[in-house]
Amino acid sequence: MQARWISKIVAFAIIGLTTISSTGNLAHAQSDEATLDRRLPSSQADIKMSLSPLVKQTAPAVVNIYTKKVVEQRQRTPFFNDPFFKQFFGDRFDGAFGAPRQRVERSLGSGVIVSGNGTIITNHHVINGASEIRVVLHDNREFDADLVGSDERTDLAVLKLRNVDAELPAIPFGDSDAVEVGDLVLAIGNPFGVGQTVTSGIISGLARAGVTGQDYQSFIQTDAAINPGNSGGALVDIDGNLIGVNSAIFTKSGGSNGIGFAVPANMVKVVMRGLISGDLRRPWLGAAGQSVTADLAASLELDRPHGVLINKVRPGSPAERGGLQSGDVVIAVNGLAVDNPNELKFRIATLELNGEAKLSVLRRGAETILAMPLEVAPEIPARDESIIDGRNPFSGTKIANMNPALADELGIDTLSEGVVILAVARDSLARRTRLQAGDYIVEVNGQPIDTVARFKEVVRAGERSRDWKISVKRDGKVLTGDFTL
C-alpha cells in the first residue's frame, strides 16, 4: 500500500533518533506492532520520497467556502462624539439619532467533503450568520450550499451542496483516538484566500483544552501551518483519513506560530450525525470534578497525578446510578485515559446514547470498572421560562428554573440549580438595576428563592412597595443591594 512507504518520511519530523541507544532498545521497541507501523526511514531514497500521492488523494475533497452576511448598522451623526451630547444621551445617543443602513460582510473559510452526495463539514464560525454560502471545489466548479445545521459548542457545521449530479471526491473519517504525538499529518485549506494550500507537520499534542470559548474541548494540536482561512479545512493522516477539522490557531500576530488546533474526527462524526438527523443530543455525566494535582495525588496515595477527582455527584444522575461516588478518581472512559474535567466531558459526549460507558475508577487505592448508562440531561425541574414585567427591579428579565438540560444547552455546570436570569431587555428596570444574564436570584426582600413560581409570589407581594432588597449570585459570589423605584 502506498501509504505504508510514504509513512517512512516521518523521519524529517522526528528528530529523536539520538534518544535510542545502541544497547538493543530499538529492537525491543519495534516488537510492538504499532511501533512497526511508525518506523523510521532506512535509506537516503526513503527520505527523498514525496507526499504528492497523498495530496492528490485528499486535496480534491477540500473546498473553499465563501459567505455573505447582511449586517444592519446605524449611521452615526457628526455629533456622536461631542461630549455635550454624550452627557445627555450616553449610549442611547447612537440608537436615538442614527439612521439604519445595511452593510454586506464577506468572509472565507474551508470545508471538507465527507460524502459523495455533497455533504460538507466546516466550522460554525465560518458560516455563522451567513445569508448566502458559495462553495468552490478543487477543480473550480462552484455550488450554492444550504446549511443543514450548526453547533456553536463544538464550532462545527454541516452544509449540503445543491444540484450535485455526480459523485464527488470525499475523505473518509479516521479514528482520532488512534493518533499519537509524532504522527505525520497534512493540513489542507484556503489560507488568506490565496487558493488551496497544503502544509505538513506532526501531531504535537493531544487533548488540548482552554483553546477557545467552546465547552467541548479536547483538540488535536499540530505544528502544520494553519492560518486564517484554513478554518474548517482537513487535518489528514498518512493513510488519507480525516482525523480532524482545523478550527483555531495560537497567535499574537494573526499568522501561524506553529500551534494549530483541530476538532477530533470522533467528535465531528457524532455532531454531524446529530445535525443531519435534527436530533443533536449528548450524554451527560451528572458529576463534577477537578484535575488531580501533585498534592492531591500524594494525599490520595496515587503513583502520579492523573485522572479526575470527583467531588460532587447529582442524585439520580447516570453517574450515581452507575455507582460513581465523591472521592473516586476517574482515570479512563472505555479504556481511553482522561486527565482533566474537559477531557472527561469530551469522552462522554462522543459516545452514543442509550448504551453504557465503562468508567475506570480508582477508589481507596484499588481500580474498579463501573458501567454508567448514557442518557440525555433531563428537564427536571421544568424550566418554566417567564418574562417578568411590572414595577419591580426584575422587570424586563427572562428567567427560568435551571435544570441539567438547560445547563447543558448553555454550556455550564450541569449540577447548577436555582432560578437564573437568561436575558435582560434594553432600557428596562432590570438593566438599570444592573442585573445580568447568568445571575442566579438568591433572595428578594429577605425571602429565599428556589423556583420561578416562588419568585413570582414574592415579587407580586412586594410590588406595593418602592423599596427592594435583592441578592443574586454572580460568578460564585453573592451580591446584595437595596433599591428604591
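## Two hairpins in a row

In this predicted model, β5 and β6 make a hairpin with four residues between them. Asp155 sits in that turn with a positive phi of about 60°. The two strands run antiparallel and are joined by six bridges, with β6 covering residues 156-161. Across the pairing, Leu147 faces Leu159 in β6.

On its other side in sequence, β5 (residues 142-151) also pairs with β4 (residues 132-136), again antiparallel, here over three bridges. Val135 stands opposite Phe143 in β5. This hairpin has five residues between its strands, and Asn140 takes the positive phi, near 75°.

## Aromatic pairs

Searching the whole structure turns up two aromatic pairs. Phe219 and Phe261 have ring centres 6.2 Å apart and planes at 65°, so they count as edge-to-face. Phe219 belongs to β9 (residues 219-222) and Phe261 to β12 (residues 260-264), so this contact links parts of the chain 42 residues apart. Phe219 is buried at 3% relative accessibility, and Phe261 is buried at 7%.

Then there's Phe394 with Phe455: centres 5.0 Å apart and planes at 90°, so edge-to-face too. Phe394 is in the loop between β19 and β20 while Phe455 is in helix α15 (residues 452-462), so the pair ties together parts 61 residues apart in sequence. Both rings belong to buried residues, Phe394 at 0% relative accessibility and Phe455 at 1%.

## A capped helix and a charge over a ring

Helix α12 spans residues 341-349, and its buried residues include Leu344, Phe346 and Ile348, plus Glu343 and Arg347. Asn340 caps the N-terminal end, with a side-chain oxygen 3.1 Å from the backbone nitrogen of Asn342.

Elsewhere, Lys473 lies over the face of Tyr440, 5.7 Å from the ring centre.

Conventions. Residues numbered from 1 in each chain as written. Predicted model: local features only at pLDDT ≥ 70, side-chain atom pairs only at ≥ 80, totals over all residues. Heavy atoms only, no water. Pairing = 2+ DSSP bridges. Buried < 20%, exposed > 50% of the residue type's maximum accessible area, 1.4 Å probe, protein only. Polar contact = N/O pair within 3.5 Å; in protein donor to acceptor, adjacent residues only side chain to side chain. Phe/Tyr/Trp six-rings, centres within 6.5 Å; stacked < 30°, edge-to-face > 60°. Lys NZ or Arg CZ within 6 Å of the ring centre and 35° of its normal.
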